[in-house]
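Colleague: I have just opened this one and would love a close look at a single part of it. Could you walk me through one helix pair and a residue that sits there?

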Amino acid sequence: MPSPALRRALTDPGEPPLRPLPDEVSELLEELSAPPRLAAHLRAVHEVACSLAGWMEKQHPDVAFDREATLFGAAVHDVGKTIHREELSGPGSAHEQAGYELLVSQGIDANRARFARTHAAWARTSASRICS
């Protein structure tokens, strides 16, 4: 059973209101007894991703992107911090690979789980695409 603080972080609409995380992500965070701070962070990032995805679809309908994967990635990108809790308030990247492995161990497809491993590597990925 999740703590009252985690339940609140996952369900309280807040001000401004935030959308709920996808059910499978909320259920996973509950199973892992995720820190409420992490759940609140993931909801905030997911909310921004939803807003940006909607804007992209309206303003640039010709740009193809996988909306579902993007939103899932936003919702789980820091899930490895359930293991490396010291990285909730301090620097570190151990949560990235740990999050990927955690998601895969929970039956999440590796292609979807990759967001946990790669979310901080965008600068290197973008630079390699530009330079290649």
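Modeller: Happy to! Let me start with a term: two residues are in contact when they have heavy atoms within 4.5 Å of each other. Please keep in mind that this is a predicted model.

For orientation, the protein has 7 helices and 0 strands, so from the N terminus its elements read α-α-α-α-α-α-α. Its radius of gyration is 15 Å, close to the 14 Å that the globule rule gives for 132 residues, so the protein is as compact as a globular protein of that length.

Now to the pair itself. Helix H5 covers residues 94-105 and helix H6 residues 110-118; their axes lie 7 Å apart, at an angle of about 155°. Because angles over 145 degrees count as roughly antiparallel, H5 is roughly antiparallel to H6. The crossing of H5 past H6 is right-handed. On the H5 side, the residues that meet H6 are Glu96, Gln97, Gly99, Tyr100, Leu103 and Val104, while H6 brings Ala110, Ala113, Arg114, Ala116 and Arg117. Sorted by class, this contact of H5 with H6 holds 6 nonpolar, 2 polar and 3 charged residues.

The residue I would pick out is glutamate 96, which belongs to helix H5. Its relative accessibility is 13%, so glutamate 96 counts as buried; the cut-off for that is under 20%. Setting aside neighbours within four places in sequence, glutamate 96 is in contact with Ala116, Arg117, His119 and Ala120. For the protein as a whole, 35% of the 132 residues count as buried.

Definitions and conventions
Residues are numbered from 1 along each chain as its sequence is written. This is a predicted model: local features need pLDDT of at least 70, side-chain atom pairs count only at pLDDT 80 or more; totals for chains, interfaces and linings use all residues. Side-chain values use heavy atoms; hydrogens and water are left out. Axes are lines fitted to C-alpha atoms, for helices over the stretch in contact, and angles run from 0 to 180 degrees between N-to-C directions. Helices (H or I, at least four residues) and strands (E, at least two) are DSSP runs, numbered from the N terminus. Angles under 35 degrees count as roughly parallel, over 145 as roughly antiparallel, 65 to 115 as roughly perpendicular and the rest as oblique. A crossing is left-handed if the near helix is turned anticlockwise from the far one by less than a right angle, and right-handed if clockwise. Ala, Val, Leu, Ile, Met, Phe, Trp, Tyr, Cys and Pro count as nonpolar, Asp, Glu, Lys and Arg as charged, and the others, Gly among them, as polar. Buried means under 20% relative accessible area, exposed over 50%, partly exposed in between (1.4 Å probe, protein chains only). The radius of gyration is taken over C-alpha atoms; the globule rule is 2.2 Å times the number of residues to the power 0.38.
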